[in-house]
Amino acid sequence: MNKLLIRININTHNNKKVKGRKKLKLTNRLLKIASLVTSNKRLADIGTDHGYIPVYLLNKNIINFAILADINKGPLENARKEVKRNKLDDKVDLRLGSGIEVLKKGEVDEIIIAGMGGILIGELLEANKEVAHEAEKLILQPMQAQEELRKYLLNNGYEILDEHLEKEDFRLYEIIVAKYTGKNTDVEDDVYYEIGKKLLENKDELLSEFIDNKIKKYNNIIEKLGNKKSDAILSRRNSANERIEKLKNLI
Ligand SMILES: C[S@@+](CC[C@H](N)C(=O)[O-])C[C@H]1O[C@@H](n2cnc3c(N)ncnc32)[C@H](O)[C@@H]1O
């Protein structure tokens, strides 16, 4: 994971140096996630680690209250230090525990779960449905198994409200904004679990690069399968070729 860049004593607001303050410069991925939080909403950042997103939003007065939670003591201590350094103690609540199990109904409006696997994110939502279902907005940024997360959301009553791609150091990150509505959503084809429909609707500017990467991935799979002709290999080669055709048709 890329480290946030921290610049010391260079807050030049109104051309004056503000001594003793550290100015956080969020990476593209974190900045994009932060930009999706609605002003004045109560936020929970689950798996907060460094706590950079809520600290950034509180410093900018975009939000006034956040719960920062992590399952591990070390990361939660990182977040605590960041909160103290920024004198935000009275605006945050730090909680040790797994996922959204640390939250009670009605405590927050929006929830970020970023930097974890898509399957784990689904499991965390499942572990406290009461809280997951009442959230006005879930901002989810799976590092892998994005397809599984979309499948979980769309088949468990969540609507995908929006999706974004963000590039950081040559890697494309997928950010999914969802909300529970109680209605499942059918997709016409499994390819839409891999390429979120909102990315297509929005004509995301990184979409063709994203799809190209997927096509390369399937071509690598086909190459690795070699010339062997067992039924299993033939079937895997066929499904990879089929997916490549579908991906090409999306562009
Ligand atoms: C890779 S870091 C991501 C930090 C930050 N959210 C980001 O996107 O940059 C993952 C964090 O999630 C925490 N974590 C892992 N499993 C968790 C769980 N079940 N509940 C809460 N936090 C968890 C880890 O301790 C770690 O701090």
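Okay, let's start in the middle of the sheet: S3 and S6 run parallel, and 4 bridges join them. If you want a landmark for that pair, find Leu-43, which stands opposite Glu-110 in S6. Before I go on, keep in mind that this is a predicted model.

Now stay on S6 and look to its other neighbour. S6 and S7 also run parallel, joined by 6 bridges. The landmark here is Ile-112, standing opposite Ile-139 in S7. And how covered is S6? Mostly: 6 of its 7 residues are buried.

Let's go back to S3, residues 43-46. Strand S4, residues 66-70, pairs with S3 in the parallel sense, over 4 bridges. Look for Asp-45 there, opposite Leu-68 in S4.

So let's zoom out to the whole sheet. There are 7 strands, the sheet is open, and the order reads S5-S4-S3-S6-S7-S9-S8. I've only shown you parallel pairs up to now, but the pairing overall is mixed. At the edges you have strand S5 (92-96) and strand S8 (158-168), each pairing on one side only. From one strand to the next, the twist averages 15°.

Next, helices on the sheet. Helix H1, residues 28-35, lies across four strands: S6 (110-116), S7 (137-142), S8 and S9 (171-180). Against S8, helix H1 runs at about 150°. Then there's helix H3, residues 73-85, which packs on the sheet and touches S4 and S5. The direction of H3 makes about 170° with that of S5.

We also have two helices that pair up with each other. Those are H4, residues 118-127, and H6, residues 146-155; their axes come within 7 Å and cross at roughly 25°. With angles under 35 degrees counting as roughly parallel, that makes H4 roughly parallel to H6. Who meets whom? From H4 you get Gly-118, Ile-119, Ile-121 and Gly-122, and from H6 they meet Gln-146, Glu-148, Leu-149 and Tyr-152. By class, that contact has 4 nonpolar, 3 polar and 1 charged residues.

Last stop, the ligand. Which residues come nearest? Of the 15 around the ligand, those are Gly-47, Asp-49, Pro-75, Ala-114 and Gly-115. And here we meet S6 again: it gives the largest share of the shell, 3 residues. Sort the shell by class and you get 7 nonpolar, 6 polar and 2 charged.

That's the tour, so over to you for questions.

Definitions and conventions: Residues are numbered from 1 along each chain as its sequence is written. This is a predicted model: local features need pLDDT of at least 70, side-chain atom pairs count only at pLDDT 80 or more; totals for chains, interfaces and linings use all residues. Two strands pair if DSSP finds at least two bridges between them. Helices (H or I, at least four residues) and strands (E, at least two) are DSSP runs, numbered from the N terminus. Axes are lines fitted to C-alpha atoms, for helices over the stretch in contact, and angles run from 0 to 180 degrees between N-to-C directions. Two residues are in contact if their C-beta atoms, placed from the backbone, lie within 7 Å. A residue is near a molecule or strand if its C-beta atom, placed from the backbone, lies within 6 Å of it. Ala, Val, Leu, Ile, Met, Phe, Trp, Tyr, Cys and Pro count as nonpolar, Asp, Glu, Lys and Arg as charged, and the others, Gly among them, as polar. Angles under 35 degrees count as roughly parallel, over 145 as roughly antiparallel, 65 to 115 as roughly perpendicular and the rest as oblique. A residue is buried if 20 or more other C-beta atoms lie within 10 Å of its own, exposed if 12 or fewer, and partly exposed in between; C-beta atoms are placed from the backbone.
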